[in-house]
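Colleague: Thanks for sitting down with me. Could you bring up the model so that we can go through it together?

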Amino acid sequence: MNLVSLHCLVFAALTILLYFVIPGKARWVVLLAANIYFYLSYGPVYIVFIILCALISYLSAIVLEKKIAQSAQKLKEASAEEKDAIRRAGLKQKKSICTITVLLILAPWIVIKYGGFIMQNVLSVLSLFKINMENTLTGLILPLGMSFYVFHAIGYVVDVYRGKYPAEKNFFKYFTFVSFFPHITEGPFSRFNELGKEIFSEHRFSYDRLCEGCARILWGAYKKVAIADILAGYINTTLGNYEDYGFILICFAVVLYSFRIYADFSGYMDMMCGFCHILGIELSENFKQPFMAKTVDEYWRRWHITLGRWFRDYVFYPVSMSKTGSRLSKWARGKWGARTGKLIAGHLALFFVWTATGLWHGANWTFLVWGYLNFIVILSTTQLEETYKGIKTKLHINSDSFIWKAFCVGRTFVLISIFRFFSLSPDMGTALSTIAHAFTNFRIKEINHVIFFFKNISGENVILWDIGIVVLIIVDVLCEKGKWEEAKKKCPALIRTVIYALMLLTLIILAPGEDVASSFMYANF
Amino acid sequence: MDELLSIMSGIRDDIDFTKETKLIDDELLDSFDIISIVSEVNEHFGVEINVDDLLPENFNSAEALYALIKKMQG
């Protein structure tokens with residue numbers, strides 16, 4: 001089901017209608033039915049994977065909870081000498097169950113998503129020894145949303161293991177959470193105790209929420225159709241034929257790619273958050289004006305926020321606070337001093353986080369390199385913090401000045417765009433060739449193409465893209481300054497209506513186009 | 001409590017830990033600050049704060065963290 005289509009519009013409208021027609025306590029059943037319909041519309045075979053994933057995590061959480069209760073009961077009845085042994089035995093059992101569950105959930109995802117990549121690399125090594133074999137794991141199709149529901153299930157099991165909240169006893173309720181269609185294709189990553197509370201609470205229909213939700217859906221669809229999809233053609237043409245262009249136009253295409261992916265991904269989020277808002281369900285926000293970030297670290301706290309939160313809670317903290325992490329800290333403290341000692345466990349954890357983040361985005365060396373570039377920059381920011389402070393003092397730079405802040409924002413955007421040379425290339429060879437070609441072909445005349453860019457991008461769509469990108473920047477600046485809500489309220493109803501009508505008109509004009517039928521970019525991860 | 005405040009101020013000297021009560025909710029502390037505080041606290045107070053204790057309610061203020069340390073020390 002294409003999310004920007006009449007089919008999806010009817011589906012969403014019917015879901016909302018049925019949701020509020022059915023009595024309060026049973027409303028989640030409508031969502032369960034909608035989830036199943038949505039999932040089946042992409043192909044009936046793949047639902048088997050999500051059911052299995054949900055079933056394994058559901059049963060495991062119940063077993064874990066039982067073990068926790070048994071252990072607590074034994075502790076109550078035990079003597080002081082026995083308590084430590086009981087605690088250790090309980091923890092060991094819990095850990096085993098949790099580890100086996102996580103592996104069972106991860107296994108099919110790893111085979112489908114990474115099997116071909118791993119096999120290819122193994123075969124490349126074997127070919128050095130003149131052993132040639134065929135890669136039988138290529139072409140496996142990743143079921144819709146698998147990279148998302150697998151993480152939701154793991155988060156749920158680990159949270160129950162940590163005793164953060166009780167296991168859900170009703171499988172269908174749990175399945176409604178795992179398969180919740182607004183977050184299954186591109187996130188956000190949600191926690192069961194947070195989203196579950198939203199899904200299973202009774203929500204009354206609100207006219208205000210309906211208007212707010214529709215406005216946000218419209219804005220999201222507009223970003224996708226009038227910005228992201230229009231830009232796609234130009235970017236693909238330029239980067240697909242990079243030999244024909246020089247440094248300026250290749251870099252321009254990469255910069256536009258940053259806007260494209262932002263409009264695409266945040267557009268999806270706006271549509272889903274808007275839809276859920278109508279129902280009274282609030283999804284976690286995934287963006288906080290990422291292009292206003294002053295450092296790469298800050299950028300990642302503003303871009304795909306919930307993925308960063310997931311990796312922080314389930315990879316960064318466990319690794320940095322593990323026994324190995326503590327031992328490493330102590331060793332580094334003695335060798336390199338207190339500061340490095342304190343940071344080294346975090347750096348180790350960060351390495352794992354960026355390896356996982358890179359691989360999560362795709363089974364390709366390009367994504368790994370992209371991840372490690374982010375890692376190196378973030379690492380140098382924390383490790384060289386004192387050096388940077390010293391340089392700034394020597395150069396009399398005022399960190400609070402507008403010019404410095406603007407420089408930092410620009411620097412971060414440039415860095416993020418440079419990293420994208422890797423994440424958007426199909427393979428390492430293309431990424432390196434594109435970079436090498438760009439940096440050895442300065443064609444100053446190309447500046448004219450950039451200035452008159454709007455003439456080159458396909459005809460009538462130029463103005464739409466032009467307006468869209470300007471509005472996108474204005475909205476982000478207002479949000480950053482905390483004035484967006486106020487601006488919306490102050491805007492006269494007539495002007496608001498005209499804006500919405502123009503956006504709707506744009507969607508109607510563009511919707512039948514071939515480009516529009518493209519899927520959302522993050523759905524492919 | 002003074003020792004804890006000294007540890008926390010040593011890691012982030014730009015935060016007034018005697019007054020702040022929303023260190024996590026307001027995102028004043030980042031992940032690196034938290035693991036640095038945990039590492040110092042574990043060593044200094046002889047406790048074992050682990051990943052399961054990383055809840056906002058334990059780290060939102062110096063007082064809350066102090067209460068966690070006291071609870072662990074029994």
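Colleague: Which helix of chain B has the highest confidence, and which the lowest?

Modeller: Keep in mind that this is a predicted model. In chain B the mean pLDDT is 89, and 100% of the residues reach 70 or more. The low end is helix 2 (residues 31-45) of chain B, with a mean of 87. Confidence is highest, at 92, in helix 4 (residues 62-73) of chain B.

Colleague: Good to know! What ipTM does the predictor give the complex?

Modeller: Two scores come with the complex. The pTM is 0.88, and the ipTM is 0.81.

Colleague: Then let's turn to the contact between the chains. Which helix of chain A supplies the largest share of the side that touches chain B?

Modeller: The contact draws 15 residues from chain A and ten residues from chain B. On the chain A side, at least two residues each come from helix 12 (305-320), helix 13 (323-336) and helix 14 (338-361). With five residues, the largest share belongs to helix 12 of chain A.

Colleague: And how many residues on that side of chain A are charged?

Modeller: Happy to split them by class. The side of chain A that touches chain B has six nonpolar and six polar residues. The charged ones on that side number three.

Colleague: Why does the radius of gyration of chain A agree with a compact globule?

Modeller: Let's start with the make-up of the chain: chain A has 23 helices and zero strands. Its C-alpha atoms fill a box of roughly 80 × 65 × 60 Å along the principal axes. A compact globule with 525 residues would have a radius of gyration near 24 Å, so chain A agrees with its value of 25 Å.

Colleague: What percentage of the contacts in chain A with a separation of 6 or more joins residues 24 or more positions apart?

Modeller: Burial first: 35% of the 525 residues of chain A count as buried. As for the contacts with a separation of 6 or more, the share from residues 24 or more positions apart is 75%.

Colleague: Lastly, at what angle do helix 13 and helix 14 of chain A pack?

Modeller: A packed pair is described by the distance between the axes and the angle between them. Helix 13 of chain A passes helix 14 of chain A in a right-handed crossing. Residues in this contact include A:W336 of helix 13 of chain A and A:L348 of helix 14 of chain A. The axes of helix 13 and helix 14 of chain A lie 7 Å apart, and the angle is about 145°.

Technical notes. Residues are numbered from 1 along each chain as its sequence is written. Chains are lettered from A and ligands numbered from 1 in the order in which they are written. This is a predicted model: local features need pLDDT of at least 70, side-chain atom pairs count only at pLDDT 80 or more; totals for chains, interfaces and linings use all residues. Two residues are in contact if their C-beta atoms, placed from the backbone, lie within 7 Å. Helices (H or I, at least four residues) and strands (E, at least two) are DSSP runs, numbered from the N terminus. Ala, Val, Leu, Ile, Met, Phe, Trp, Tyr, Cys and Pro count as nonpolar, Asp, Glu, Lys and Arg as charged, and the others, Gly among them, as polar. The radius of gyration is taken over C-alpha atoms; the globule rule is 2.2 Å times the number of residues to the power 0.38. A residue is buried if 20 or more other C-beta atoms lie within 10 Å of its own, exposed if 12 or fewer, and partly exposed in between; C-beta atoms are placed from the backbone. Axes are lines fitted to C-alpha atoms, for helices over the stretch in contact, and angles run from 0 to 180 degrees between N-to-C directions. A crossing is left-handed if the near helix is turned anticlockwise from the far one by less than a right angle, and right-handed if clockwise. pLDDT is the predictor's confidence in each residue, from 0 to 100.
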